[in-house]
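Reader: I should be grateful for a close look at a single part of the structure shown below. Please begin with that part, and then explain how its surroundings fit into the rest of the chain.

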Amino acid sequence: MGDAISSDRYTPRQRTTYRKRLEDELEVFDRHLQEAEFVDRGTIGLELELNLVDSSMRPAPRNREVLDRLSGEYQSEIGSYNVELNLPPQSIEGDGLRTLESRLRERLDEVAGAAERAGTQVAMIGTLPTMTTEFLEDPGWITNEHRYRGLNNSVMESRGELLHIDVSRMESYRHDFEDISTESTCTSMQLHLQVAPNRFADAWNASQAIAGVQAAVGANSPLFMGRRLWHESRIPVFQQAIDTRTQELINQGVRPRVWFGERWITSVFDLFEENVRYFSPLLPEGRVEAGKPIMTGDSPGLHYLNLQNGTVWRWNRPIYDPNGELSHIRVENRLLPAGPTPADIIADAAFYYGLVKFLGEQTRPVWSRMSFATAEENFIAGARDGLTARVKWPTLGRIDVCELVKEHLLDDARSGLAALGVHQGCIDDYLGIIEGRVVTRQNGATWQLAALTEAGAGSRPDTPQREEALARVLRKYLENQATGAPVHTWSTSVA
């Protein structure tokens with residue numbers, strides 16, 4: 001979805017041609033995997049989606065004004081109040097994690113400066129607590145670009161009905177939308193892990209196995225439309241926001257576009273094959289119209305296969321990148337929310353990279369002892385209940401997620417990072433932040449919920465009292481964020 005798209009509507013002939021090209025490229029990819037040389041050194045990278053807010057803490061639809069004041073690795077997102085920054089791939093060895101944090105801080109400062117000059121400010125958070133139904137029902141919510149209008153049109157045409165959002169936990173939210181506007185509320189961080197093709201399956205399986213723990217420990221989206229919902233409400237909202245299925249198709253077992261998956265894999269090819277087999281094209285853009293080459297150096301460009309992959313939103317997405325002297329394969333870990341601070345983001349990254357390294361190289365890997373259905377159940381539990389979740393883990397049975405992390409997985413992550421050549425000081429500092437969260441039982445989600453209780457105890461959704469409390473919570477969140485202190489150290493006072 002990062003590529004420019006030439007149109008926001010497509011004909012049946014374009015769709016038919018696209019499908020044929022897609023099937024042809026799947027065969028090309030299969031041969032390329034078997035015959036070609038790929039980059040085999042691992043690197044890490046990061047993408048981060050951000051919100052823009054005004055002085056009242058409401059979403060500010062001014063991303064074009066902000067982007068006009070920036071150059072380099074910044075781009076629009078579907079929401080007119082969103083921008084995205086990208087960090088280039090780098091090594092994790094030595095002080096690589098500190099370098100990643102330093103680069104992230106530099107980019108965030110640049111965006112903040114541009115936002116200030118445009119009369120807005122940046123909020124790095126999973127979901128804006130102050131988002132409203134009224135804002136998303138205004139046509140101005142969407143960035144005015146073909147790729148976003150085309151995606152919106154294709155999802156709604158495929159579905160043929162209004163999109164129903166229904167999320168409940170402590171409170172509930174239900175509403176029908178005429179477009180995919182709620183997708184824009186789900187701002188995430190995305191971790192990249194480049195691996196050799198023969199190691200991809202191990203890395204992806206390990207990523208799936210720990211998804212529930214990641215979601216629980218990193219949760220930062222508990223307030224959707226001003227209501228106390230899942231600790232990581234982005235998960236159900238995102239899945240519902242671009243669901244092309246009607247209820248009848250759900251009943252038939254048709255797979256969702258936002259997908260955890262259904263099985264452990266043996267090759268990266270398995271995932272691309274599923275993309276072609278199970279999902280109709282949403283953006284059947286021709287290669288010539290998109291301005292994409294057949295070959296990038298000695299590597300096939302695979303325009304059709306990559307565009308299709310970009311419209312199947314797996315929480316751990318496979319990426320084929322033909323650019324460079326050699327093509328490469330990477331895992332894109334997409335399930336974590338933005339924020340709360342750069343230190344928290346790099347701590348989440350350290351925890352992820354360390355665990356994937358350790359678990360992916362076990363003689364008897366965790367996915368050989370855990371059903372895929374259990375991994376998905378853990379993911380839902382972690383997203384719903386955050387640090388209060390209970391998950392299932394091999395040899396341990398059902399266990400409190402904080403105990404699992406503190407007593408078992410932190411040591412595994414430390415071993416994994418050491419095997420990656422990360423300096424001990426980095427390991428101690430960043431995994432110390434993860435340990436701080438599970439010991440204090442405070443992450444972004446629990447802080448927001450506690451702060452809302454203090455700011456608006458007894459207030460009800462959609463009342464002036466709740467709206468005022470939500471603005472106070474977000475304003476205090478941004479003040480704490482500006483200090484750079486990890487979220488587990490924040491006071492819940494909003495005074």
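Author: Arg441 is found in the loop between α16 and α17, the latter helix covering residues 444-456. The model is a predicted one, and every value given for this loop is computed from it. The backbone at Arg441 deserves attention: its phi is positive, at about 55°, although the residue is not a glycine. As for its surroundings, Arg441 counts as partly exposed, because its relative accessibility is 40% and that class lies between the limits of 20% for buried and 50% for exposed.

The helix that precedes this loop, α16, spans residues 424-440. Arg437 belongs to this helix, and the side chain of Arg437 forms a salt bridge with that of Asp344 at 3.3 Å, N to O. The pair brings together distant parts of the chain, with Asp344 placed in helix α13 (residues 342-360) and Arg437 in α16, 93 residues apart. Both Asp344 and Arg437 are buried. Arg437 is thus buried, whereas Arg441 in the loop is partly exposed.

The helix that follows the loop, α17, leads in turn to another loop with a comparable backbone feature. Asp462 sits in the loop between α17 and α18, the latter covering residues 464-483. Phi of Asp462 is near 65°, again a positive value in a residue other than glycine. Is Asp462 buried or exposed? Asp462 is exposed, because its relative accessibility of 58% is above the 50% limit for that class.

The partner helix, α13, can be approached from its N-terminal side. Pro340 lies in the loop between β15 (328-337) and α13. A cis peptide bond joins Pro340 to Gly339, with omega about 0°. Within β15 itself lies the residue number of Arg330, and the side chain of Arg330 meets that of Asp321 in a salt bridge at 3.4 Å, N to O. Asp321 is buried, because its relative accessibility is 16%. Arg330 is likewise buried, with a relative accessibility of 15%.

These pairs belong to a wider set. In general, side chains of opposite charge can pair when their charged atoms come close. The structure holds 34 salt bridges. One of them joins the side chains of Asp68 and Arg64 at 3.8 Å, N to O. Where do these two residues stand with respect to the surface? Asp68 counts as exposed at 57% relative accessibility, while Arg64 is partly exposed, with a relative accessible area of 42%. The setting of this pair may be set beside that of Asp344 and Arg437, both of which are buried. Salt bridges that share partners join Arg64, Asp68, Glu145 and Arg147 into one network.

Charge is also gathered in a surface patch. Glu37, Asp40, Asp298 and Glu325 form a negative patch on the surface. One of its members, Glu37, lies in the loop between α1 (12-35) and β1 (44-53). Glu37 counts as exposed, because its relative accessibility is 60%.

Other places also show parts of the chain meeting across a long stretch of sequence. Arg384 lies in helix α14, which covers residues 372-385. The C-alpha atoms of Arg384 and Glu232 are separated by 6.2 Å, although these residues are 152 residues apart along the chain. Arg384 counts as partly exposed, because its relative accessibility is 31%. Val213, in helix α7 (residues 211-218), offers a second example: Val213 and Cys402 are 189 residues apart in sequence and 8.9 Å apart in space, C-alpha to C-alpha. Val213 is buried, since its relative accessible area is 3%.

Finally, the whole chain provides the frame for the loop. The protein chain has 18 helices and 17 strands. Along its principal axes, the C-alpha trace spans about 60 × 50 × 45 Å. For 495 residues, a compact globule would have a radius of gyration near 23 Å, and the 22 Å of this chain agrees with that value. Buried residues make up 62% of the 495 residues; Arg441, where this account began, is instead partly exposed.

Methods:
Residues are numbered from 1 along each chain as its sequence is written. This is a predicted model: local features need pLDDT of at least 70, side-chain atom pairs count only at pLDDT 80 or more; totals for chains, interfaces and linings use all residues. Side-chain values use heavy atoms; hydrogens and water are left out. Patches are made of residues with over 30% relative accessible area and no salt bridge: like charges are joined within 9 Å, nonpolar side chains (Val, Leu, Ile, Met, Phe, Trp, Tyr) within 5 Å. Accessible areas come from the Shrake-Rupley method with a 1.4 Å probe; for residues, only the protein chains shown count as cover. A salt bridge is a side-chain nitrogen of Lys or Arg within 4 Å of a carboxyl oxygen of Asp or Glu. Lys and Arg count as positive and Asp and Glu as negative; His and the chain ends are not counted. The place of a charge is taken as NZ of Lys, CZ of Arg, CG of Asp or CD of Glu. Helices (H or I, at least four residues) and strands (E, at least two) are DSSP runs, numbered from the N terminus. Buried means under 20% relative accessible area, exposed over 50%, partly exposed in between (1.4 Å probe, protein chains only). The radius of gyration is taken over C-alpha atoms; the globule rule is 2.2 Å times the number of residues to the power 0.38.
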